Amino acid sequence: VRSLALIGIGAGDPNHLTLHAIEEICRTDVVFTADKGERARDLAAARDEVLRRSGAPSTLRVVNVVDPERDRGSGAYAEAVEDWRMRRADAFERAIVAELGESQRGAILVWGDPSLYDSMIAVADDIRARGNVALELTVVPGISSVQALAAAHRIALNRVGRPVHITPARLLEDGLPDGADDVVVMLDSGCTFERITEPGVEIYWGAYLGTAYELLVSGPLDEVAAEVRETRERARKERGWIMDTYLLRRRLR
Ligand SMILES: C[S@@+](CC[C@H](N)C(=O)[O-])C[C@H]1O[C@@H](n2cnc3c(N)ncnc32)[C@H](O)[C@@H]1O
């Protein structure tokens, strides 16, 4: 039976690779990648560094899977994501059948942790459910960008005995949710923090976390929002892409 490991490789710093990830990479015959867009060059460099630092054998093959585009124009978000996932499953299934021998080990390196806002677990489940190819699935946890953010700012995500809320930015258009005082925001294509107008909120912002070009800004949101926007826009222009995550923290009364 072919096996497939979804390996969390951390948010960008090869030092965040776990021993489990390294062990799994070293047992892998074929790594499937799906780099695209402006980030492709930086991601390929980061992946090569991960393979080098893991001591991956020279026999390991890297196969690039042409990743289908997601329909970002359509208003129906859930349907568009579902359709994209199915097309990704088609592409990865074809690549696995063509490139991985019957008893070989394949792997997909996942940015951060596979359990957090990543579709590869769902894609692998789809492939298995179709039944065209038998796959033994392993998921190796990684350090997510959320943990990298907290460590970089030297903060805890939660306050004593309190919850942490993790959300995509598009759900913050109307402000912070009631009762959520520590909110981690991911997948922000703009500067959604500017929608938060209530007083007494702190921001801990990080971009390209774990990389040599990591950027950090923190402070009262009303005082540093403009600095975050400027830093973000300048960096995006310079590198051609940006990935950022931040914690919004309400001052407790
Ligand atoms: C598709 S999700 C993947 C999350 C990933 N599985 C994780 O555990 O961090 C992509 C989002 O994660 C965040 N992200 C991932 N890597 C990051 C990094 N190195 N620095 C800052 N944010 C990052 C950004 O919010 C980005 O929009």
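Here is a short walk through this predicted model, stop by stop, with something to select at each one.

**Stop 1: the ligand**

Start by selecting the ligand and the residues around it. You should find 16 residues surrounding the ligand, and the closest are Asp113, Leu116, Ser145, Asp244 and Thr245. Colour that shell by class and you get nine nonpolar, five polar and two charged residues.

Now look for the polar contacts. Which residue puts a polar side-chain atom 2.7 Å from a nitrogen atom of the ligand? Click on Thr245 and you have found that side-chain atom. Then switch on the backbone, as there is more to see there. A polar backbone atom of Leu116 sits 2.8 Å from a ligand nitrogen, and a polar backbone atom of Trp111 is 3.0 Å from a nitrogen of the ligand. How much of the ligand does the protein bury? On its own the ligand would expose 570 Å², and the protein buries 90% of that.

**Stop 2: strand E1 and its neighbours**

Next, select residues 2-8, which make up strand E1. Is this strand mostly covered or mostly open? Mostly covered: seven of its seven residues are buried. Show the side chains and look along the strand. Arg2, Leu4, Leu6 and Gly8 point one way, while Ser3, Ala5 and Ile7 point the other, and all of them are buried.

Add residues 135-140, strand E5, to your selection. E1 and E5 pair in the parallel sense over six bridges, and Leu6 has Val139 as its bridge partner in E5. Then add residues 105-110, strand E4, which pairs with E1 in the parallel sense over six bridges. Here you can pick out Ala5, whose bridge partner in E4 is Ala107.

**Stop 3: the largest nonpolar core**

Hide all that and select Phe193, Ile203, Trp205, Leu221 and Leu248. The largest nonpolar core has 24 residues, and these five touch the most other members. Which elements give two or more residues to this core? They are strand E7 (182-186), strand E8 (201-207), helix H6 (221-239) and strand E10 (244-250). H6 gives the most, with five residues. As background, nonpolar side chains tend to be buried together in soluble globular proteins.

**Stop 4: His153 and Trp205**

Keep Trp205 on screen and add His153, which you'll find in helix H5. Is His153 buried or exposed? It counts as buried because its relative accessibility is 13%, and the cut-off for buried is under 20%. Draw a distance from the His153 side chain to the backbone oxygen of Trp205 and you should get 2.9 Å.

**Stop 5: two residues with positive phi**

Finish with a pair of loop residues. Select Arg154, in the loop between helix H5 (145-153) and strand E6 (165-168). Arg154 is not a glycine, yet has a positive phi of about 55°. Why does Arg154 count as exposed? Because its relative accessibility is 77%, and exposed means over 50%.

Then jump to Leu187, in the loop between E7 and E8. Leu187 is another non-glycine residue with a positive phi, again of about 55°. With 55% relative accessibility, Leu187 counts as exposed too.

Notes: Residues numbered from 1 in each chain as written. Predicted model: local features only at pLDDT ≥ 70, side-chain atom pairs only at ≥ 80, totals over all residues. Heavy atoms only, no water. Near = heavy atom within 4 Å. Polar contact = N/O pair within 3.5 Å; in protein donor to acceptor, adjacent residues only side chain to side chain. Areas by Shrake-Rupley, 256 points an atom, 1.4 Å probe, with all protein chains shown as cover. Nonpolar A, V, L, I, M, F, W, Y, C, P; charged D, E, K, R; others polar. Buried < 20%, exposed > 50% of the residue type's maximum accessible area, 1.4 Å probe, protein only. Helix = DSSP H or I, 4+ residues; strand = E, 2+ residues; numbered from the N terminus. Pairing = 2+ DSSP bridges. Core = buried A, V, L, I, M, F, W, Y, C linked by side-chain atoms within 4.5 Å.
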